[in-house]
Amino acid sequence: MDSSVLLSTDELRVRDGSREPLDLALLAGSMLVLLGGPDTVAGDLCRVLAGRSSPFSGRVLLGDGNGQPLEKGAGANVQYVPEDFTCPPGMTLLQHLELSAAAAGHRRKRAGEMIPQVLEWCSLEDFANSRVRRLPGGTRYMAAFAAACLSIPSVMVLQGPCPPELHPLLEEFCRGGGAVVVSVPGLEFIPRSADRIALCDVNEVRRILRFGELASTAARLMRLRVRFFPALPRDVMESLPGARDIVAVSGGFEFVHGGLSAAVTNLVSLARANSRQIAGLEVRPPSIKAILNHLNLDEDTGEADLFCGEDLGI
Amino acid sequence: MRRRPGYLRITLSVFRWMFQRAVSREYFSWVVLGAPLAAWLLPGGGSLPLLPFSVSAVTWCLPAAFIAGWAGSEDRTSLSDILSGSMAGRSALVLAEMALPALAGALPAVILLLSGSSGGEGYPWQVWTVAVFSPLTALSSVVLLERYFGLSGYLAGLAGFLAQASTVSWAGTGVFRILVLQGYPLWTMEWAAGSGGPLHGDVYAFFAVLEGVGLSILAFRVLLGNGRVGSSSS
């Protein structure tokens, strides 16, 4: 993996209420996920990193700390894919891509070569002549991504959630030496190839975790909701090995378990031993707030460690 | 090396979507036909010479009909999203969206003037200058009035257009004729026809160029800063 810095921030405060400045470096081949709901700083940070809005203070730099400041609207090699992308009524996908290619500075001949390739890569060939506004949400998002690709960006900033069919393309983009920043509202939208996940609250990035760290933390905090047929007495349910915080809910129980696969195995055994059927099983991911609380961040609000302790020698 | 955007393709695309949006709105015909008719029906309007009044109407109403409401429209926001990846793309968008209304006003005016001057003496240069720069003033003032005054801005623009037909005594003063930008083509053509008036044609030409260029620069800056993703700030 190329270790060059494509985008960095210098003492960045996204909002007025941000207490700690954010010093971030985005490496080539890496994918950073900003995890936070619509009321958090994740969306604003996404737009600031794309050069589409101004931060409260600090700067976003192209390259490392010595790079050029990313001016508003001048992000030639940083492309932004908005969540609510729209086109003028009646514009087809092909027209949209042609206009994007013109904006990216490709000559007509070059655009004629690139557009079919991008359509194929994004699996959008069948929609080339469809009106963009009539495309289903996920396909429309792919169309916005395809248009962003025409600029051959080095950094792709996406305001998610992005459709699952986009995840392998993002992975491929990173393998090609690009870097991705994606803002998602929940754990279930995080691409598998994400390197670092930034947990965002209302005003700032509270913590950066590796994918594995987050996965193990989330697994510990997953809430399972199970329903049995016929109904199972609570005292029997409480005998489930490893189950904690058991709460009776309509038609069943909700509880926390240390490991998902062990929980399912134990549930099946419990049902079988008591001649019951599992009528429903739901796994609910923990909220971002719950993860932050679990990590005891309330006591330590220090500057986020964006390299997870690695010395990159920058 | 940064690539230059395909200005011509962007311009043609913007023309297309802007034109489609404008002509599909009922508002368009109200501005293009209703405003001149209202001015014609006002006291003093019926006595206006047809050709000068027609030139005045096309140089003001056509640009206004194309640009009014465009800056905040969803179509414009969408195009801005597509083209806002670079400053050059956004500049190309703004140039195109100013060029269409300007051409829509200037070309018919020039055609009307050509038809009016065929077979006789041509119009002096002041008339041509005013006819070309008035659409720029028209579209820019609509953009600026809309930006800063909203609906009141539209009414102010319409009031100015209707005021050129006014017969009140102070409507003949030089100050009034300088302040009512909408009347420059009419009054310049009246001056060229020897109808008199308080001001020489040079004055109208001077102010038409000054206001056309000055207001266009301001409107360009307003439009450049206007866009969903570009203007959002935390």
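Reasoning about sheets and helices in a predicted model

Q: What makes helix α1 of chain A a neighbour of β1 and β4 of chain A?
A: In this predicted model, helix α1 (residues 42-49) of chain A lies across β1 and β4 of chain A. Helix α1(A) runs at about 125 degrees to β1(A). Roughly antiparallel would require an angle over 145 degrees and roughly perpendicular one of 65 to 115, so about 125 degrees counts as oblique.

Q: Which strands form the open sheet that contains β1 and β4 of chain A, and in what order?
A: The sheet has 3 strands in the order β2-β1-β4 (chain A), and the pairing is antiparallel.

Q: Why are β2 and β4 of chain A called edge strands?
A: β2 (25-27) and β4 (57-62) of chain A each pair on one side only, and they are therefore the edge strands. Between neighbouring strands of this sheet the average turn is 10 degrees, direction ignored.

Q: How do you know that β1 and β2 of chain A pair?
A: Pairing requires at least two bridges. Strand β1 (residues 5-13) of chain A and β2(A) share 3 bridges in the antiparallel sense, so they pair. In this pairing V5(A) stands opposite L27(A) of β2(A).

Q: What leaves one side of β11 and of β13 of chain A without a neighbour in the sheet?
A: These strands belong to an open sheet of 4 strands with antiparallel pairing, in the order β11-β12-β10-β13 (chain A). β11 (243-249) and β13 (277-284) stand at its edges with a single partner strand each, so one side of each has no neighbour in the sheet.

Q: How do you know that β11 and β12 of chain A are paired?
A: The requirement is at least two bridges, and 5 bridges join β11(A) to strand β12 (residues 252-257) of chain A, so the two are paired. V249(A) stands opposite G252(A) in β12(A).

Q: Why is α5 of chain B called roughly antiparallel to α6 of chain B?
A: Helix α5 (residues 87-117) and helix α6 (residues 125-149) of chain B pack at an angle of about 155 degrees, with their axes 8 Å apart. An angle over 145 degrees counts as roughly antiparallel, and therefore the term applies to α5(B) and α6(B). The crossing of these helices is right-handed.

Q: Which classes of residue make the contact of α5(B) with α6(B)?
A: The contact has 15 nonpolar residues, 3 polar residues and no charged residues. Among them are M98(B) and P101(B) of α5(B), and V127(B) and W128(B) of α6(B).

Definitions and conventions: Residues are numbered from 1 along each chain as its sequence is written. Chains are lettered from A and ligands numbered from 1 in the order in which they are written. This is a predicted model: local features need pLDDT of at least 70, side-chain atom pairs count only at pLDDT 80 or more; totals for chains, interfaces and linings use all residues. Side-chain values use heavy atoms; hydrogens and water are left out. Axes are lines fitted to C-alpha atoms, for helices over the stretch in contact, and angles run from 0 to 180 degrees between N-to-C directions. Contact means heavy atoms within 4.5 Å. Angles under 35 degrees count as roughly parallel, over 145 as roughly antiparallel, 65 to 115 as roughly perpendicular and the rest as oblique. A crossing is left-handed if the near helix is turned anticlockwise from the far one by less than a right angle, and right-handed if clockwise. Ala, Val, Leu, Ile, Met, Phe, Trp, Tyr, Cys and Pro count as nonpolar, Asp, Glu, Lys and Arg as charged, and the others, Gly among them, as polar.
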